[in-house]
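Q: Could you walk me through this one? I'd like to start with the cysteines and then move on to the sheet.
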Amino acid sequence: AVCAAASKACLETIISNKLWENAERQGKRFRERLVHPAIKNIRGMGLLMALEFDSFDQCKAIIDTCIAKGLITDWFLFASHCLRIAPPLNITDRDVEKACDLILEAIDQNSY
């Protein structure tokens, strides 16, 4: 019963705040900002994205740098050469800009 109540409250919040619209808009912002020769591809939809790199080693170094700078991210178990982007649905413009800046800095520091 507690899980169902939590799920219901979550869905009501998403609907009443139209968070799917923010997810679509902010996902586009991420894609527009995250342009770098080391990024081979950006896959995903809305705010659930994967940045594809050449190798796990490169991706891991970028992730470690992001974490050291305060940006929490990880790789995918099924695609260890891809950095995961999965922010909250209510992420702000300012937070997207900051996240993109940190990711691009981490890529620059770890590109071969």
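Q: Is C82 buried or exposed?
A: In this predicted model, C82 has a relative accessible area of 0% and is therefore buried, where buried means under 20% relative accessible area, exposed over 50% and partly exposed in between, with a 1.4 Å probe and protein chains only.

Q: And C59, buried or exposed?
A: C59 counts as buried, because its relative accessibility is 0%.

Q: How many disulfides are there, then?
A: The count is 0 disulfides, a disulfide being a pair of cysteine sulfur atoms within 2.5 Å.

Q: Why is C59 not bonded?
A: The closest cysteine sulfur to that of C59 belongs to C82 and is 6.7 Å away, which is too far for a bond.

Q: What should I keep in mind about these values?
A: Residues are numbered from 1 along each chain as its sequence is written, and side-chain values use heavy atoms, without hydrogens or water. Local features need pLDDT of at least 70 and side-chain atom pairs 80 or more, while totals for chains, interfaces and linings use all residues.

Q: Switching topic, what is the strand order in the sheet?
A: The open sheet has 4 strands in the order 1-2-4-3, with antiparallel pairing; strands are DSSP runs (E, at least two residues), numbered from the N terminus, and two of them pair if DSSP finds at least two bridges between them.

Q: Which strands stand at the edges?
A: Strand 1 (41-45) and strand 3 (74-76) do, and each has a single partner strand, so one side of each is left without a neighbour in the sheet.

Q: How many bridges join strand 3 to strand 4?
A: There are 3 bridges between strand 3 and strand 4 (residues 79-85), which run antiparallel, and D74 has R84 in strand 4 as its bridge partner.
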